[in-house]
Amino acid sequence: MDTAVTDTASPGPGPVLAFDVGGTDIKSGIVLAGGRIVGLRRSPTPRDASDPGGAVLAVLARLAAGYRASYPQLPFDAVGFVVPGLVDEDAGIGILSSNLGWRDYPFAARARALLNAPVAFGHDVGAAGEAEFRSGAARDSEDAIVMVNGTGIAAAIFCDGRRIKGGGYAGELGHARVPDPDDPRRTVLLESVGSAGSIAARYSSAAGRAVTGSREVLDLASSGDKAAQRVWAQAIDALAFSIAQCVCILGTETVVIGGGISGAGESLLAPLRQAVDDRLTLPMRPRIVPTLLGENAGLLGAALKARQLLDQDPGGLP
């Protein structure tokens with residue numbers, strides 16, 4: 001289907017093909033100048049223990065052929081695709097995906113040969129962050145964090161107008177340690193308390209019954225469920241701790257919250273702002289805002305990388 005997203009998310013002429021590889025599905029579409037996505041699709045992410053990276057590329061090749069056949073009037077000049085896990089964007093390598101199984105896989109080089117097109121490769125959260133930073137909720141900031149909070153937590157970090165990559169390791173906020181809400185003498189990983197996935201799991205463990213996700217925990221908290229209120233408040237405290245650390249260390253002025261948890265809206269953002277404010281002694285306070293580009297941010301970021309590749313090499317060479 002065709003999807004209008006934003007007028008500025010993907011600057012530059014000519015269509016590009018974009019892929020956003022996730023743990024469950026692969027989003028794909030032809031992205032036009034102005035950010036309109038044509039032929040938006042979701043395809044199941046393949047699992048192949050013997051060749052996990054190759055299995056993903058085989059799906060991308062099949063989809064690319066389908067787009068060429070279905071939209072001959074929109075020939076794309078380049079392909080952008082992004083993957084989760086640890087990524088070396090400069091070398092074009094997927095360093096590690098514990099979920100999907102690849103290790104040190106040369107995605108960019110093999111994709112260029114398989115797709116027969118110039119290919120821009122990157123990290124899924126990094127690409128989503130680039131899109132939000134350039135034309136989304138953080139577009140007026142020089143120093144920002146775009147945090148994607150779902151099953152886990154990862155972020156794209158921008159300082160002085162540039163994204164910090166750290167060899168693929170920068171932005172792994174979910175692995176930062178925060179005070180353990182159940183034992184103040186210990187610390188735990190942020191994503192074990194503050195992620196949407198952990199909120200649901202922690203409530204299920206505390207209440208002895210399963211829930212469908214963090215939104216159900218919020219609904220239960222709003223209706224007076226004490227266990228849900230405690231789990232939700234603990235998640236906000238953990239997120240506020242990490243955000244306050246980023247403000248003090250990096251001078252972060254804008255925090256964009258994306259991922260599944262962003263659907264909570266002001267029920268999350270209002271207490272989170274207050275909790276961050278309570279933890280800061282600096283005069284500056286960050287703006288904490290929801291994603292503007294939503295679930296398509298990664299796809300638009302992949303398209304942005306493809307356009308940047310063409311800008312660097314107008315002749316279209318890989």
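In the residue classes used here, Ala, Val, Leu, Ile, Met, Phe, Trp, Tyr, Cys and Pro count as nonpolar, Asp, Glu, Lys and Arg as charged, and the others, Gly among them, as polar. On that basis, the lining of the largest pocket in this predicted model has 13 nonpolar, 20 polar and 10 charged residues. The space in this pocket comes to about 1,400 Å³. Its lining is made up of 43 residues, and those closest to the centre are Pro84, Asp124, Val125, Val148 and Thr151. Two or more lining residues come from each of strand 1 (16-21), strand 2 (25-31), helix 3 (124-135), strand 9 (144-149), strand 10 (153-159), strand 14 (254-258) and helix 9 (297-312). Among the contributors, helix 3 gives the most, with 4 residues.

The second largest pocket holds about 450 Å³ of space. Its lining has 21 residues, and Asp90, Lys165, Lys305, Gln308 and Gln312 are the closest to its centre. At least two lining residues are supplied by each of helix 2 (107-115), strand 8 (119-123), helix 3, strand 11 (162-164) and helix 9. Here it is helix 9 that gives the most, with 4 residues. By class, the lining of this second pocket divides into 8 nonpolar, 4 polar and 9 charged residues.

Lys305 deserves a closer look, as one of the residues closest to the centre of the second largest pocket. Lys305 has its place in helix 9. Is Lys305 buried or exposed? Its relative accessible area is 16%, under the 20% limit, so Lys305 counts as buried. Beyond its neighbours within four places in sequence, Lys305 is in contact with Val82, Glu89, Ala120, Phe121 and Gly122.

A second buried residue, Ser198, lies in helix 5 (residues 196-207). Its relative accessible area is 9%, and because the limit for burial is 20%, Ser198 is classed as buried. Which backbone oxygens pair with the side chain of Ser198? The side chain reaches the backbone oxygen of Glu191 at 3.2 Å, and a polar atom of the side chain lies 2.9 Å from the backbone oxygen of Ser195. Not counting residues up to four places away in sequence, Ser198 touches Glu191, Ser192 and Val193. Glu191 thus appears both as a partner of the Ser198 side chain through its backbone oxygen and in the list of residues that Ser198 touches.

Two further positions are partly exposed. Gly23 is found in the loop between strand 1 and strand 2, and its relative accessibility is 24%. How far from Gly23 is Thr45, 22 residues away along the chain? Their C-alpha atoms are separated by 6.5 Å. Thr45 is also among the residues that Gly23 touches, together with Arg47, Asn99 and Leu100, when residues up to four places away in sequence are not counted. Pro179, in strand 12 (residues 177-180), is partly exposed with a relative accessible area of 41%. Pro179 and Met147 are 32 residues apart in sequence, and 20 Å lie between their C-alpha atoms. Leaving aside neighbours within four places in sequence, the contacts of Pro179 are Arg186, Thr187, Val188 and Phe241.

Backbone geometry brings two aspartates to attention. Asp104, although not a glycine, has a positive phi of about 50 degrees. Asp104 belongs to strand 7 (residues 103-105) and is exposed, with a relative accessible area of 53%. Asp160 likewise has a positive phi of about 50 degrees without being a glycine. Asp160 sits in the loop between strand 10 and strand 11, and at 63% relative accessibility Asp160 counts as exposed.

Finally, a word on confidence. The mean pLDDT of the chain is 92, and 94% of its residues reach 70 or more. Confidence is highest in strand 15 (residues 287-290), at 98, and lowest in helix 9, at a mean of 92. Over residues 1-12, pLDDT stays under 50, and the model has 41 contacts beyond four places in sequence for this stretch. Residues 314-318 also have pLDDT under 50, with 5 contacts beyond four places in sequence. Where pLDDT is low, the predicted coordinates should not be read in detail.

Key. Residues are numbered from 1 along each chain as its sequence is written. This is a predicted model: local features need pLDDT of at least 70, side-chain atom pairs count only at pLDDT 80 or more; totals for chains, interfaces and linings use all residues. Side-chain values use heavy atoms; hydrogens and water are left out. On a 1 Å grid over the protein atoms alone, a cavity is a set of points where a 1.4 Å probe fits but cannot get out, and a pocket is an open set with protein on both sides within 12 Å along at least five of seven lines; lining residues have an atom within 4 Å of a point. Grid points are joined across faces, edges and corners, and a volume is the space filled by probe spheres set on the points. Buried means under 20% relative accessible area, exposed over 50%, partly exposed in between (1.4 Å probe, protein chains only). Contact means heavy atoms within 4.5 Å. pLDDT is the predictor's confidence in each residue, from 0 to 100. A polar contact is a pair of N or O atoms within 3.5 Å; within protein, one must be able to donate a hydrogen and the other to accept it, and residues adjacent in sequence count only if both atoms are side-chain atoms.
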